[in-house]
Amino acid sequence: MTRLPALALALTLVSGLVLARQPVRARNGMVVTEEPIAADVGVAVLKAGGNAIDAAVAVAFALAVTHPSAGNIGGGGFLLAQFADGKSTFVDFRERAPSSASRNMYVDAQGKLTRDSIDGWRASGVPGTVRGLELAHKKYGSKTWRELVNPAVRLAREGFAIPYGLNESLKQSSARFQRYPSSRDTFGKPREVGDVLIQPDLSKTLERIANNPEDFYTGETARLLAQAMKDNGGNITLEDLKGYKAVERTPLMGAYKGLEITTAPPPSSGGVGLLQMLGVLEGSGYEKAGAGSAATIHFVAETMRRYYADRSEFMGDPDFREVPVRKLLHPVYLRNLRNSIDPNRATNSDSIRPGQHSAVEGTETTHCSIVDKQGNAVSLTYTLNGGFGSAVVAPGLGFLLNNEMDDFAAQPGSPNMFGLVQGEANAIQPGKRPLSSMTPTILRKDGKLFMVVGGPGGGRIITSVFQTILNVIDFNLNVQDAVDAPRFHHQWKPDVITMERGFSPDTIRLLEQRGHKVEVAPAVARVFAIVVDGGWLQGAADGRSYGKAEGF
Ligand code: DON
């Protein structure tokens, strides 16, 4: 090949998505997360010689104070770690359904779904965050636990100036906070940007956790929480708290174009989805049509549609029902899926599987991606589920409780908060973990760390992580541009491609001509990523967020 066609090809591959923002570059360590003070806390831990796990623990506690809509101790999540020696692990601290939970607990006498899985005392699963961080720290941390929790204690006790983004989200949720006295006192008072938010109850709770993480599950925090649940018709008991365990699972492994991918296994639906969609794309040559072109969007959206149909049927807590991971990622199955895509025509979702549709609501989860000097990496996503979770602040304890019960199929076949249709595999059962879309992921190239990625966004997390990876690997975007580039999403039901602003009207028209319904809607997913290249750690906080990449 002469040089000219090769150059022309490279130009086509990146056309349409070239933005112009540089990532943050550093040599020794990088923290990328949703809120700047928490990013600083993480970098301070790394500078003091802490490893990526230490930094992740400190960032997670700090976010529980500075980013209360999603940062939490009253929720749960996943921590994926890739160590410099090649080993990896996945800490699952997803919430669990309380022991009194039952299949139809959110269905009323008329057979209608109530909002109790979303709002109020009955919406919460048993929180896992403190146990998850404790497990990760005990096994892999190097600093003392107290050192890592202390910055959060201080931030809660001394307060911090409320930034614009937090003030906006507090205002938006104000009506929900007014329903519960403890929530009204903590977050429901009118405040201005720049006012100092002091959280005295939370600082005391965190102080007890700093002394001993057991406090959350068997100590004073546990007793107060269980009592408040009892007084207010909630479901979580002292026994539920005592019995909560975080578990270490083997990460899901796969490959794309020779890069090794380490990602989230069930009860996340993210890793299986990511690997299935990448597997369908590999070898298809879809990328030749160019980034952001209608042909590319069409092909990628068709891979999404097919995975979300599988998701609705097969995915759930593997401790309760076998999830056919091998089948869903089998090369023959991937090939069949690939061959079922018509490059010129949208497949009707009804011809794949039956389901229903509802609107997507405002949501919150959060994430940090971290790399330390030794090359250890952490991708941690954790959540209260919806913004500010159930909106209930545990009285006297100062922290918000999750509404993660809505991630179950509260009524198999009915869509949840994210419009996701889910089935029997994700029906409510006592002790079960609700299916998640959180997709913390780490890529290695030639045996070396290459990319750390993840983020919030409900059912759109999987497709956002997926597109960010495609933007880097297939379209040669720098990590900041890869994160910022406009994204689209298809989840099988509703049968529509949701597209962010930033795609040209011509492209949308071409997609419609192929038979797609297109809806232009604001972003809900945010990605926080690091790419390691030429000895540089390159960090990118999503331009859609108020977050920060900070390195040294
Ligand atoms: O685990 C899940 O899939 C959801 N609870 C995540 C919620 C979420 O990302 C909301 N964020 N924007």
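Which backbone atom lies 2.9 Å from an oxygen atom of the ligand? In this predicted model, a backbone N or O atom of glycine 457 takes that place. Glycine 457 does not act alone as a polar neighbour. Arginine 94 places a polar side-chain atom 2.9 Å from a ligand oxygen. Serine 437 contributes a polar backbone atom, 2.6 Å from an oxygen atom of the ligand. The protein covers 99% of the 340 Å² of accessible area that the ligand has on its own. In total, 16 residues surround the ligand. The closest are Thr365, Glu404, Asp407, Ser436 and Ser437.

The strands are described next. Strands of a sheet pair through backbone hydrogen bonds, either parallel or antiparallel. One open sheet contains seven strands, in the order S1-S18-S17-S13-S12-S9-S8. Its pairing is antiparallel. Strand S1 (24-26) and strand S8 (252-256) each have a single partner strand, so one side of each is left without a neighbour in the sheet. From one strand to the next, the twist averages 25°.

Within this sheet, strand S9 covers residues 259-263 and strand S12 covers residues 441-445. Three bridges join S9 to S12, and the two strands run antiparallel. One residue pair can be picked out: glutamate 260 has arginine 444, in S12, as its bridge partner.

Helices pack on the seven-stranded sheet, including H13. Helix H13 spans residues 270-281 and touches S8, S9 and S12. The direction of H13 makes about 20° with that of S8. Helix H17 (residues 461-473) also lies across S8, S9 and S12. H17 further crosses strand S13 (448-453) and strand S17 (528-533). Relative to S13, helix H17 runs at about 135°.

Another open sheet has three strands, in the order S14-S15-S16. Here the pairing is mixed. Strand S14 (488-489) and strand S16 (518-520) form the edges, and each pairs on one side only. Strand S15 (residues 497-499) is joined to S16 by three bridges. S15 and S16 run parallel. Methionine 499 stands opposite valine 520, which belongs to S16. A helix accompanies these two strands: H19, residues 505-513, lies across S15 and S16. Helix H19 runs at about 150° to S16.

Conventions: Residues numbered from 1 in each chain as written. Predicted model: local features only at pLDDT ≥ 70, side-chain atom pairs only at ≥ 80, totals over all residues. Heavy atoms only, no water. Pairing = 2+ DSSP bridges. Helix = DSSP H or I, 4+ residues; strand = E, 2+ residues; numbered from the N terminus. Axes fitted to C-alpha atoms, helices over the stretch in contact; angles between N-to-C directions. Contact = heavy atoms within 4.5 Å. Near = heavy atom within 4 Å. Polar contact = N/O pair within 3.5 Å; in protein donor to acceptor, adjacent residues only side chain to side chain. Areas by Shrake-Rupley, 256 points an atom, 1.4 Å probe, with all protein chains shown as cover.
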